[in-house]
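Here are some short exercises to work through with the model open beside you. Try each task on your own before you read the solution.

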Amino acid sequence: MRALALTDNGLTYANDWPHPAPSGQQALIRIRQAGICNTDLELVKGYLHFRGVLGHEFVGEVVGGDSGWLGARVVGEINVACGQCDLCRAGIPSQCRNRTTVGIRQHDGAFADHCTASPTRSATPKPCSSSRWPPPTNSSKAPTSPRGMRSSPPTNSSKAPTSPRGMRSS
Ligand SMILES: [Zn+2]
Ligand SMILES: [Zn+2]
């Protein structure tokens with residue numbers, strides 16, 4: 001699969017990165033979007049000496065694995081618990097002794113076609129109806145003062161009212 005990984009040769013784009021295999025209750029997630037944050041930049045500079053696929057902020061769709069969330073759209077948190085150690089079995093996977101971190105520590109991340117994570121513990125399902133962003137604007141109403149903050153009429157202007165901040169160009 002395609003992946004942007006940190007290797008001994010630096011930041012490397014690969015077309016043939018090994019496809020991740022979900023273990024335990026991990027989900028295989030097809031990445032839709034991923035964000036770049038400063039941690040990624042620090043990792044590239046050598047922080048934590050990470051080697052592997054970068055990316056720990058993502059939204060994707062569960063396409064495999066045994067998580068029970070097949071087909072769900074999920075956002076990922078970054079910690080992946082093992083589900084096996086004493087602390088996981090005690091119900092506190094956030095303190096897992098074998099915890100890895102997506103895209104940061106011993107776990108390939110989201111700058112790839114797929115990654116694995118543990119959605120039952122570290123991701124939130126999102127209804128598909130929330131997928132449209134930005135939300136559609138309501139253009140049927142005439143522009144009014146927002147929330148009644150202005151009591152005076154708009155300034156004399158020869159220009160027709162336009163949507164605020166130029167969000168619409170037509
Ligand atoms: Zn981050
Ligand atoms: Zn554990």
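**Exercise 1. Taking stock of the chain**

How many helices and how many strands does the chain have? Write down their order as well.

*Solution.* This is a predicted model, so please keep that in mind throughout. Step one is the count: there are 3 helices and 10 strands. Step two is the order, which from the N terminus reads β-β-β-α-β-β-β-β-α-β-β-α-β. Step three is burial: of the 170 residues in the chain, 31% are buried. Finally, take the contacts between residues at least 6 apart in sequence: 69% of them join residues at least 24 apart.

**Exercise 2. Deciding what to trust**

Where in the chain is confidence lowest, and where is it highest?

*Solution.* Start with the whole chain: the mean pLDDT is 78, and 69% of the residues reach 70 or more. Next, go to the extremes. Confidence is lowest in helix H3 (residues 119-122), with a mean of 57, and highest in S4, at 98. Then look at residues 129-136, where the pLDDT is below 50 and the model shows 0 contacts beyond near neighbours in sequence. Last come residues 139-170: the pLDDT stays under 50 there too, and the model has 6 contacts beyond four places in sequence for this stretch.

**Exercise 3. Building a sheet strand by strand**

In what order do the strands of the 3-stranded open sheet lie, and which ones are at the edges?

*Solution.* Begin with S1 (residues 3-7), which runs antiparallel to S2 and is joined to S2 by 5 bridges. The connection between S1 and S2 is a hairpin of 2 residues. To check the register, find Leu 4, which stands opposite Tyr 13 in S2, and Leu 6, whose bridge partner in S2 is Leu 11.

Now add the other neighbour. S1 also pairs with S4, in the antiparallel sense, over 2 bridges. Here Ala 5 has Val 53 of S4 as its bridge partner.

Put the pieces together and the order is S2-S1-S4, with antiparallel pairing. The edge strands are S2 (10-14) and S4 (52-53), each of which pairs on one side only.

**Exercise 4. Following Ile 29 into the core**

Which residues have the most contacts inside the largest nonpolar core, and which element gives the most to this core?

*Solution.* First, the core itself: it has 28 residues, and those with the most contacts inside it are Ile 29, Val 53, Ala 110, Ala 112 and Cys 115. The elements that give two or more residues are S1, S3, S5 and S9, and S3 gives the most, with 5 residues. As a general background point, nonpolar side chains tend to be buried together in soluble globular proteins.

Second, see how two of these residues meet. Strand S3 (residues 27-35) pairs with S9 in the antiparallel sense over 4 bridges, and Ile 29 has Cys 115 of S9 as its bridge partner.

Third, look at both faces of S9 (residues 114-117). His 114 and Thr 116 point one way, Cys 115 and Ala 117 point the other way, and all are buried.

Fourth, list the contacts of Ile 29 beyond four places in sequence. Among them are Gly 60, Val 62, Val 63, Val 74 and Cys 115.

**Exercise 5. Classifying Val 63**

Is Val 63 buried, exposed or partly exposed?

*Solution.* Locate Val 63 in strand S5 (residues 57-65). Then count: Val 63 has 13 C-beta neighbours inside 10 Å, so this residue counts as partly exposed. Leaving aside neighbours within four places in sequence, Val 63 is in contact with Leu 28, Ile 29 and Arg 30. The C-alpha atoms of Val 63 and Leu 28 are separated by 5.7 Å, although these residues are 35 apart along the chain.

**Exercise 6. Two positive phi angles**

Where do Leu 48 and Gln 106 lie?

*Solution.* Take Leu 48 first. Leu 48 sits in the loop between helix H1 (38-45) and S4, and its phi is near 65 degrees, a positive value in a residue other than glycine. Because 12 other C-beta atoms lie within 10 Å, Leu 48 is exposed.

Now Gln 106, which lies in the loop between strand S8 (100-101) and S9. Its phi is positive, about 55 degrees, although Gln 106 is not a glycine. With 14 other C-beta atoms within 10 Å, Gln 106 is partly exposed.

Terms used:
Residues are numbered from 1 along each chain as its sequence is written. Chains are lettered from A and ligands numbered from 1 in the order in which they are written. This is a predicted model: local features need pLDDT of at least 70, side-chain atom pairs count only at pLDDT 80 or more; totals for chains, interfaces and linings use all residues. Two strands pair if DSSP finds at least two bridges between them. A residue is buried if 20 or more other C-beta atoms lie within 10 Å of its own, exposed if 12 or fewer, and partly exposed in between; C-beta atoms are placed from the backbone. Two residues are in contact if their C-beta atoms, placed from the backbone, lie within 7 Å. pLDDT is the predictor's confidence in each residue, from 0 to 100. A nonpolar core is a set of buried Ala, Val, Leu, Ile, Met, Phe, Trp, Tyr and Cys residues joined through C-beta atoms within 7 Å.
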